[in-house]
Amino acid sequence: MAPVISPRGRYLVFGAPRLPEEAIEAVVEVLRSGWLGTGPRVAAFEEAFARYIGAPFAVAVSSCTAALHLALRLIGVGPGDEVITSPMTFAATANVIVHAGARPVFADVDPRTGNLDPEATRDVLTSRTRAIIVVHYAGRPCEMDAFIDLARRYGVFLVEDAAHALEAFYKGRKVGTLGDLAAFSFYPTKSLTTGEGGMLITRSEAWAERARLLRMHGLSRDAWRRYSEEQFPDYEVLEAGYKYNMTDIQAALGLAQLPYLEHWRQRRELLWQLYNEGLRDLAGIQLPPEDAHIVHARHLYTIRVDPQEAPFCRDELSRMLHQAGIGTGIHYKALHLHRFYQQAFGYRPGMFPHAERISEETLSLPLTAHMDESDVLYVVETIRQLWRRGRA
């Protein structure tokens, strides 16, 4: 059924990007330059992003998935290994473990935050565990002190899936600098987008150099250097690498958005508080929790709809909001509930009850820096009207 457009005459799309004019101009400049592949803009973006994160090295790649896969390659994950991660994440986080030839091992999440639970993680650590991938769910940093302690005590690597957490801090330290490696996403729904793209963060120069090698087929020299220098463009294949490189077109988009990140986060903070004020008194809706020791990236505004207390279940609410011209998202259907992980690894419903309940109840409401206050107020008033009708 087609959506009923809101009285304001437009559909409120969930996660629609809006680029500053400088980003569009930067892309046009690249198109006119004659160099569209991996070149000087990618190098500049890597340097600027590393400064923003506060890390020595950043390697631009084609997606956050590529960054995670390269991270596992760099730390030597392979057949016979296990990598622990959260079931409350996008499939890419676990898929890269499979791509590396290892077994994805899920641990349950904190029922309050949706982040990977350190105690549940410790319970599934074995002699085969090679790494832990923590996922900063919705933009909320994981309890990194506990995970850093676990990684040191058991001699495993710690990788941050920071796809949601570009602007986040944990106890004054930037997300992306807390583990051995980190991966960021620049997908269209992210606060900084390059259309598709990602970034791998590391403190190791050797890892950074190998990642640059692996992202471009394992060639000894990248394309920009081979064709921009005044010599024969010779190269050597040193490893069986991948086609994971970022283009200058994408990098130009990213560079132009970096100066806006904190302003956009503050804008989302304002909209976040409007949601909190408008929804906090509705029975059956659980708002995102707040913690003083973190800076939340405010990437996803996720509510939980308790079907025992609310007049509607999560799916019914999502359909009714759609009919009112409001797009929503579900983050996520827990991975152990998907057919592939059940058939390939024997996962079953009931194994991770906290993740399962969040999976059934969570709903992401529209939140971007480009929304008006009136957009949030319309969402809030629509939900309040539905609650009044549902209880009448």
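The exercises below, each with a worked solution, concern a predicted model.

Local features need pLDDT of at least 70 and side-chain atom pairs count only at pLDDT 80 or more, while totals for chains, interfaces and linings use all residues. Residues are numbered from 1 along each chain as its sequence is written, and side-chain values use heavy atoms, with hydrogens and water left out.

**Exercise 1.** State in which order the strands of the open sheet run, and which strands stand at its edges.

Solution. Strands are DSSP runs of E with at least two residues, and helices are runs of H or I with at least four, numbered from the N terminus. Two strands pair if DSSP finds at least two bridges between them. The order of the 3 strands is β7-β6-β11, with antiparallel pairing. β7 (173-174) and β11 (294-295) each have a single partner strand, so one side of each lacks a neighbour in the sheet. Between β6 (residues 169-170) and β11 there are 2 bridges; Phe-169 has Val-295 as its bridge partner.

**Exercise 2.** Describe the lining of the largest pocket by class and by helix.

Solution. A pocket is an open set of points on a 1 Å grid over the protein atoms alone, where a 1.4 Å probe fits, with protein on both sides within 12 Å along at least five of seven lines; lining residues have an atom within 4 Å of a point. The lining comprises 25 residues, and Phe-90, Ala-163, Ser-185, Lys-190 and Tyr-332 lie nearest the centre. By class, 11 are nonpolar (Ala, Val, Leu, Ile, Met, Phe, Trp, Tyr, Cys and Pro), 3 charged (Asp, Glu, Lys and Arg) and 11 polar (the others, Gly among them). Helices α3 (64-74) and α4 (91-99) each supply at least two lining residues, and α3 gives the largest share, 3 residues.

**Exercise 3.** Locate the salt bridge of Arg-268 and Glu-167, then that of Arg-357 and Glu-361, and classify the residues by burial.

Solution. A salt bridge places a side-chain nitrogen of Lys or Arg within 4 Å of a carboxyl oxygen of Asp or Glu. The structure holds 24 of them. Arg-268 and Glu-167 meet at 3.1 Å, N to O. Arg-268 lies in α10 (residues 261-279) and Glu-167 in the loop between β5 (157-161) and β6, so the pair ties together parts 101 residues apart in sequence. Both residues are buried (under 20% relative accessible area; exposed is over 50%, partly exposed in between; 1.4 Å probe, protein chains only). Arg-357 and Glu-361 meet at 2.7 Å, N to O, and are 4 residues apart in α13 (residues 353-361), about one helical turn. Arg-357 is partly exposed at 41%, whereas Glu-361 is buried at 6%.
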